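Hi there,

Here is the structure I promised to pass on. My notes on it follow just below.

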Amino acid sequence: MSKKFNKFAFSGLIKFFLLLFLICNLAACGEPTTTVLSLAPTNPATTVSGEPTAPPATTLAPATPIALPRPTSAPTIAVPTATSLPAITPAPSGTLAPSVAPTVPATTTQLDFSGDLAMSHVTQLASVIGPRVAGTEAERKAGDYIENHFRQLGLTVSRPAFQVSTSLDKGSQLSFKNSSKQTVEIKGNAFNMSGNGKVNAPLVFANYGRKTDIPVGGLQGRIALVERGEIPFEDKVSNVMQAGAVGIVVYNNLADQPLKGTLGTQATIPALGITKADGAKLRDELLVQTTYPLNLEVNITNQSIDMTNVVGVRPASGVATDSPILILGGHYDSVPDSPGANDNASGTATVMELARVLKDRYPQYELRFIAFAGEEIGLTGSANYVKTLTASEKNRLKAMINIDMITVGDTLLLGGDTSLVRLAQTAALDLGAGNVQVMPAAALGGSDNYSFQQVSIPTLFFNRENDPNYHRFSDSVDKVKPERLALVGRSVMKVIDVLTKS
Ligand code: BES
Ligand code: ZN
């Protein structure tokens, strides 16, 4: 009975909509909406992806959606825009990570690198997810988001895990006696990779902890008080250590935020981060007492944290096992309290968008798209990945292209293997990059290309100079320019184009 009814109702419905369609056309109801496109046979990829097209939720202006090309032949029947029709809900994809918003339409047929699509990845990583500190839930979520994107593209995805030892703070603080002989206690956060233990020594102000900020006479046997900013934490620590300091206290330059920093290298002196307000207390007291003894205690134990790189492989076609390999990579973690938009959602997003545009090209090559974890705590993701490469893989690896901090600063910097740098320079200038300079070899050690250089793999590093927001709270999505993501993306494509022909 129900079958009969359905049949009847169905043919009735068809007639109704045909009528509606005719009336609509006669009455010029308006253009069919772009929903038609998702059903157009010329664009099958969009129908199978099942990816919702809604942009990720964000407080910032969403990236401009790309205009999909209009079909040249009229679709058989325009899907009526009548509101009475049930909405077509895409089938849920099994690969969507539950904890993160869906990615942008990875399966759009646009073949050129899209700055807007890359920008939507930046927004997701740096604004929706936010700071992605190594070993945290946020880093894992970012990894899920990238993994999901790679899967949607049909890449072979893996999340090779590794562990790194970091410090767990069991209660670190300082205390001093003020001019009225009252004891003032201040709780703080030990820097990751700080030295451990207690010191009692006179406190001296050393501005930002730059070499030029060290007071005449040095800091021998003193505890240095410095402000956050201007240079990385590890540089502050190493500068005051070199000047003889036995401890360092860094206060935040941002109000109402604790300071939980990470040092790139292990320090031998206790290093404590405190709030801006507590820093003001210590400085005010220095105005009264010139110097005074401070008790500084850092109490940490080392613990192991877990991270995963995200690797998306597009194998070479055929059965050959000796195909040449190209790696395109960038780190996806950030430092604490920084959204890490330029450093390095910009590079991660560019790798993600390159994966989309390159996945069907250069079939004789194996293409590996890698988002590295834990770069900010010492290039740990890339170092671990390199360790897993076999001798045969190293031989087959023609280039590792690293993308890190590419949208802030007027000069595009290129570093690494001389011939790759030359190719990239030509490509970028052709694309109207304007200022392009070769990076000094000394600057190559600060990012993941370094891990590959160490084992003699030719590398190419894309970067920009002078980001005033480097490792700051202000490294936010609004500083990222989609056209600069596209400039690097397209430069990489040109480099690969030449490379794969030689
Ligand atoms: N993206 C930076 C490296 C960088 C900064 C390159 C500025 C070029 C210009 C990277 O994430 C970073 O901060 N690296 C650390 C070193 C790392 C070993 C912890 C650095 O450069 O201090
Ligand atoms: Zn970086």
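Where does aspartate 475 lie? Aspartate 475 sits in the loop between β17 (459-464) and α12 (482-499); helices (H or I, at least four residues) and strands (E, at least two) are DSSP runs, numbered from the N terminus.

Before going on, please note that this is a predicted model, in which local features need pLDDT of at least 70, side-chain atom pairs count only at pLDDT 80 or more, and totals for chains, interfaces and linings use all residues. Residues are numbered from 1 along each chain as its sequence is written, chains are lettered from A and ligands numbered from 1 in the order in which they are written, and side-chain values use heavy atoms, with hydrogens and water left out.

Back to aspartate 475: this residue is buried yet has no salt bridge. Buried means under 20% relative accessible area (1.4 Å probe, protein chains only), and a salt bridge is a side-chain nitrogen of Lys or Arg within 4 Å of a carboxyl oxygen of Asp or Glu. The nearest side chain of opposite charge, lysine 479, is 6.9 Å away. The side chain of aspartate 475 does reach the backbone nitrogen of aspartate 343, at 3.1 Å.

Aspartate 343 falls within helix α7 (residues 341-358). All 18 of the 18 residues of α7 are buried, so this helix is largely enclosed by the rest of the structure.

As for the whole protein chain, there are 12 helices and 17 strands, and 50% of the 502 residues count as buried.

Happy reading!

Terms used. Lys, Arg positive; Asp, Glu negative; His and termini not counted. Polar contact = N/O pair within 3.5 Å; in protein donor to acceptor, adjacent residues only side chain to side chain. Expected span 1.5 Å × (residues − 1).
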